[in-house]
Amino acid sequence: MRRAVFLDRDGVINRAIVRDGRPYPPASLAEVEILPGVSDALRVLHAKGFMLIVVTNQPDVARGTTQKDTVEKINASLAAELKIDEFRVCYHDNEDRCDCRKPKAGALIAASKKHGVDLGGSYMVGDRWRDIQAGQAAGCKTIFIDYGYQEKQPKSPDYRCRSLTEATAFI
């Protein structure tokens, strides 16, 4: 079986837009900024044999404040510049109660089945409690990139750091 690093998008791959201490996705392609060191970190992980799968919640589509096409353009732009094997996007909001919306593990489990990924030998890297809880529910090791957001904090990630570069060194 293969191993994977599951990555949240906003705040892990690209800079999240922080307002009032809370992170938000970029509203347009023009707002997307790949974080420093991300390209090199992904290259290292890929060279070590990890599949790189982005798992992202994009509820603003369900809320009607962002177009699905905008999310797809952002993902395509990131995919063109970075070594990413797959994007898994949940466009639902909390009320939809879907299995693919983190903190549920449905997106990680579906990717595992599709690609033959050993979840126990894999990692989930995220900057929010939902990412860590999804990784834990899937049986992955979890790495929390801590930006000090003013929101609920994750419970017991396996590792806490300040960047994907630092997370890669741990992996």
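In this predicted model, Y147 has a relative accessibility of 31% and therefore counts as partly exposed, since that value falls between the limits of 20% and 50%. Its aromatic partner, Y149, is buried, with a relative accessible area of 9%. The rings of Y147 and Y149 lie 5.6 Å apart, centre to centre, and their planes meet at 40°, which makes the pair tilted.

The pair of Y147 and Y149 belongs to a set of three aromatic pairs in the structure. Another of these joins F50 and Y123 in an edge-to-face arrangement, with 6.1 Å between the centres and 70° between the planes. Here the two partners come from distant parts of the chain: F50 sits in the loop between helix 1 (38–47) and strand 4, Y123 belongs to strand 6, and 73 residues separate them. Both F50 and Y123 are buried.

Aromatic rings also meet charged side chains. R19 is placed over the face of Y24, 4.1 Å from the ring centre. A similar arrangement is found at W129, where K152 lies over the face of the ring at 3.8 Å from its centre.

Helix 4 offers a good view of how one element can have two sides. This helix covers residues 106–115, and its buried residues are A107, L108, A111 and S112. Viewed down the helix axis, these buried residues fall within an arc of 135°, so they line one face of helix 4. The spacing fits a general rule: an α-helix has 3.6 residues a turn, so residues three or four places apart point the same way. What does the buried face pack against? Its partners are strand 1, strand 4 (51–57), strand 5 (86–90), strand 6 (123–126) and helix 5 (129–138). Strand 6 thus appears again, as it is also the element that holds Y123. On the other side of helix 4, K113 and K114 are exposed. Just past the end of the helix, G116 adopts a positive phi of about 65°.

Attention now turns to a loop residue. D10 is located between strand 1 (4–7) and strand 2 (17–19). Is D10 buried or exposed? With a relative accessibility of 10%, D10 counts as buried, because the value is under the 20% limit. The side chain of D10 has polar partners in this setting: one polar contact, of 3.0 Å, joins it to the side chain of N14, and another, of 3.1 Å, reaches the side chain of Q58. Leaving aside residues up to four places away in sequence, D10 touches A16, P25, P26, T56, Q58 and D127. Q58 is therefore both a polar partner of D10 and a member of this list of contacts, given the 4.5 Å limit for contact.

The cysteines complete the picture. How many disulfides are there? The count comes to zero, with a cut-off of 2.5 Å between sulfur atoms. For C98, the closest cysteine sulfur is that of C100, at 3.5 Å, which is too far for a bond. For C161, the closest cysteine sulfur belongs to C140 and lies 16 Å away, again too far for a bond. Both C98 and C161 are shielded by the measure of accessible area: C98 is buried, with a relative accessible area of 14%, and C161 counts as buried at 3% relative accessibility.

Definitions and conventions:
Residues are numbered from 1 along each chain as its sequence is written. This is a predicted model: local features need pLDDT of at least 70, side-chain atom pairs count only at pLDDT 80 or more; totals for chains, interfaces and linings use all residues. Side-chain values use heavy atoms; hydrogens and water are left out. Helices (H or I, at least four residues) and strands (E, at least two) are DSSP runs, numbered from the N terminus. Buried means under 20% relative accessible area, exposed over 50%, partly exposed in between (1.4 Å probe, protein chains only). A polar contact is a pair of N or O atoms within 3.5 Å; within protein, one must be able to donate a hydrogen and the other to accept it, and residues adjacent in sequence count only if both atoms are side-chain atoms. The arc is that of the directions from the helix axis to the C-beta atoms. Rings of Phe, Tyr and Trp (its six-membered ring) pair if their centres lie within 6.5 Å; planes under 30 degrees apart count as stacked, over 60 as edge-to-face and the rest as tilted. A charge sits over a ring if NZ of Lys or CZ of Arg is within 6 Å of the ring centre and within 35 degrees of the ring normal.
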